[in-house]
Amino acid sequence: MEKKTVLEELLLKKSQQKKKISPINYKKRLFVLTKANLSYYEYNKGKKGSKRGSIEIEKIRCVETVNLEETTHPARQYPFQVVYKGGLLYVYAANEDSRERWLAALHKGNSILLCSKIFK
């Protein structure tokens, strides 16, 4: 598959709670979308750091916006979820335009559906 970057942006990622004792936390990560993968990296002082995770596009089942809780922090006003074989990723864009760009890019040219179409 092609390694060309489709979209790249600094977004907020919620911890995936892989261990029962893991606290919920949110970290800024540099997300990079290619035709083959959605990857995220550490990001410090304007530089891309080590890769922290990657999901093959073909393993993504669906992507969609998430409803906000009443007491949502201002930095987490534009969430979306990526449901993939093996897990769930919550990502927060800085604004509505950013979130729509990511949703459109993930759906375009891929067989990724809205989650509501899968879970009905």
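Good morning. The protein exposes about 8000 Å² of surface, and carbon and sulfur atoms supply 48% of that area. Please bear in mind throughout that this is a predicted model.

Let me continue with the overall composition. Of the 120 residues in the protein, 37% are buried. The protein contains 7 strands and 2 helices, and from the N terminus on the order of elements is β-β-β-β-β-β-β-α-α. Among the contacts with a separation of 6 or more, 46% join residues that lie 24 or more positions apart.

I should now like to turn to two individual residues.

The first topic is Arg29, which is located in strand β2, residues 26-34. Which side chain of opposite charge is nearest to Arg29? That side chain is Glu42, at 4.7 Å. Arg29 is buried and nevertheless has no salt bridge; the distance to Glu42 exceeds the 4 Å cut-off for such a bridge. Setting aside neighbours within four places in sequence, Arg29 is in contact with Glu9, Leu10, Leu11, Lys13, Tyr40, Tyr41, Glu42 and Arg52.

The second topic is Tyr92, which belongs to strand β7, residues 87-93. Is Tyr92 buried or exposed? Tyr92 counts as buried because its relative accessibility is 10%, and the limit for burial is under 20%. Beyond its neighbours within four places in sequence, Tyr92 has contacts that include Leu11, Leu12, Lys14 and Tyr26, as well as Ala75, Arg76, Tyr78 and Pro79. For one of these partners, Tyr78, the C-alpha atom is 5.4 Å from that of Tyr92, although the two residues are 14 residues apart along the chain.

Leu11 appears in the contact list of Arg29 and also in that of Tyr92. Thank you for your attention.

Definitions and conventions. Residues are numbered from 1 along each chain as its sequence is written. This is a predicted model: local features need pLDDT of at least 70, side-chain atom pairs count only at pLDDT 80 or more; totals for chains, interfaces and linings use all residues. Side-chain values use heavy atoms; hydrogens and water are left out. Helices (H or I, at least four residues) and strands (E, at least two) are DSSP runs, numbered from the N terminus. Buried means under 20% relative accessible area, exposed over 50%, partly exposed in between (1.4 Å probe, protein chains only). Contact means heavy atoms within 4.5 Å. Lys and Arg count as positive and Asp and Glu as negative; His and the chain ends are not counted. Accessible areas come from the Shrake-Rupley method with a 1.4 Å probe; for residues, only the protein chains shown count as cover.
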